[in-house]
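Good morning, and thank you for the time. I should like to discuss the charged side-chain contacts in one model, and then to close with a remark on its surface.

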Amino acid sequence: MKTADITLARIPTSEPEVGLDALYRPFLRRWRLVAAAVLVAWVGALAFILIPKREYKAQLVVAAVPNAKSASLAGGITALLGSATMGGVQSTPYFITRLLMLRGVLREVALSPVGERDKTTVIERVLDEPRAEIKPEELDAGMREVVSTDVDKQTGLVTFAVQLPDSGLARHVAERILAVASRTFVDVMRSQATDARQAGQAQVDSTLRQLRATEARLQSFQTTHRVYAQYSPAATERQRIDRDLQAAQSAYADALSDRQSAIARELSELPAVVVVDPIPPELTKVPRQAVLKLMLATVLGLLAAGLVFAAQGEFRPQPEVRTPVAAEPRLVPSGVAAGS
């Protein structure tokens, strides 16, 4: 006789899948914690927005004043981009941005008094600290934080701006930096022209000695050879002397021209920049960007709440509970069942 053996079949367990509902349900279930995190982030953002003083920007647009002679010699725009090989230091847009941010220029402005009556230095007003507590390395860093430059590649115009809470100080610093940078450029150009004039004078003396020696040879030849045949050795010598005399005269004329050009540059006061758009009478306030900062604070608050939920295991999916299912009956022989 056969009997039926009924056993429970084991259902293989699988890893629970993470659904979209497992990500947002903790935020809905614990909305008070989420609201508190976002509120704390908003309070921090509002403090970051409202506590600092309102800043003003003194902005002006300047254009470089290149050396027209060097530009024409080197070929227009090519000279403006790499004129150091032809005419030395040239006023180009990128040179102006570097000049306005020079350490010497910023330090001179930082250590200068604010006004004739107010002997307080600029750096003391910028950092709001007494001069004795300001370290030397803080001079450059403090000035560079409030000064910015930008170059328009299409037009070559340079935008120069100073941003400070004090509008009058911002205007004063911008004007002082521009004046000191222009004076520094003129000093560099004069120093370069002085060196060029001294070198040109040595070249003039050398070419003058060469010219006089060639003229002496010509005078000696004319004294000894008053009449000579057209194809004689004397005619060949005369052609050689004439060629040397012409080369000496050309070299002497070029040396004189270079020396006069150096003297003209030494005496000139060509500014580095010309102001295209001056500082307006009323400075514009720098926007606080409150909406953007509040949006960023909201994202940070939600992120903080999500980190808390992740640490507490809120995003783990709940395992599914399945009831056991009876397996199909299996016939067992009666003799086997009895023997067992």
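Let me begin with the criterion: a salt bridge here is a side-chain nitrogen of Lys or Arg within 4 Å of a carboxyl oxygen of Asp or Glu. Please keep in mind that the model is predicted. By this criterion the structure contains seven salt bridges, and I shall take three of the pairs in turn.

The first pair on my list is glutamate 108 with arginine 183. Their closest N and O atoms are 2.6 Å apart, and the two residues form a salt bridge. Which parts of the chain does this pair tie together? Glutamate 108 belongs to helix 6, whereas arginine 183 belongs to helix 9, which covers residues 167-224; the pair therefore ties together parts that are 75 residues apart in sequence. As for solvent, glutamate 108 has a relative accessibility of 30% and counts as partly exposed. Arginine 183, at 40%, is also classed as partly exposed.

I turn next to aspartate 140 and arginine 107. These two form a salt bridge, with 3.1 Å between the closest N and O atoms. Aspartate 140 sits in helix 8 (residues 136-146) and arginine 107 in helix 6 (residues 103-110), so that distant parts of the chain, 33 residues apart, are linked by the pair. Is aspartate 140 buried or partly exposed? Since buried means under 20% relative accessible area, aspartate 140, at 13%, counts as buried. Its partner, arginine 107, is partly exposed, with a relative accessible area of 29%.

The last pair is glutamate 237 with arginine 217. They form a salt bridge in which the closest N and O atoms are 3.7 Å apart. Here, too, the pair links distant parts of the chain: glutamate 237 is in helix 10 (residues 233-267), arginine 217 is in helix 9, and they are 20 residues apart. Glutamate 237 has a relative accessible area of 28% and is partly exposed; arginine 217 is partly exposed as well, at 34%. This pair does not stand alone, as salt bridges that share partners join Arg217, Glu237, Arg240 and Asp244 into one network.

Finally, I come to the surface. Which residues make a nonpolar surface patch of about 410 Å²? They are Leu296, Leu300, Leu303 and Leu307. One of these, leucine 296, has its place in helix 11, which spans residues 290-311.

That concludes my presentation, and I thank you for your attention.

Notes
Residues numbered from 1 in each chain as written. Predicted model: local features only at pLDDT ≥ 70, side-chain atom pairs only at ≥ 80, totals over all residues. Heavy atoms only, no water. Helix = DSSP H or I, 4+ residues; strand = E, 2+ residues; numbered from the N terminus. Buried < 20%, exposed > 50% of the residue type's maximum accessible area, 1.4 Å probe, protein only. Patch = residues over 30% accessible without salt bridge, like charges linked within 9 Å, V, L, I, M, F, W, Y side chains within 5 Å. Areas by Shrake-Rupley, 256 points an atom, 1.4 Å probe, with all protein chains shown as cover.
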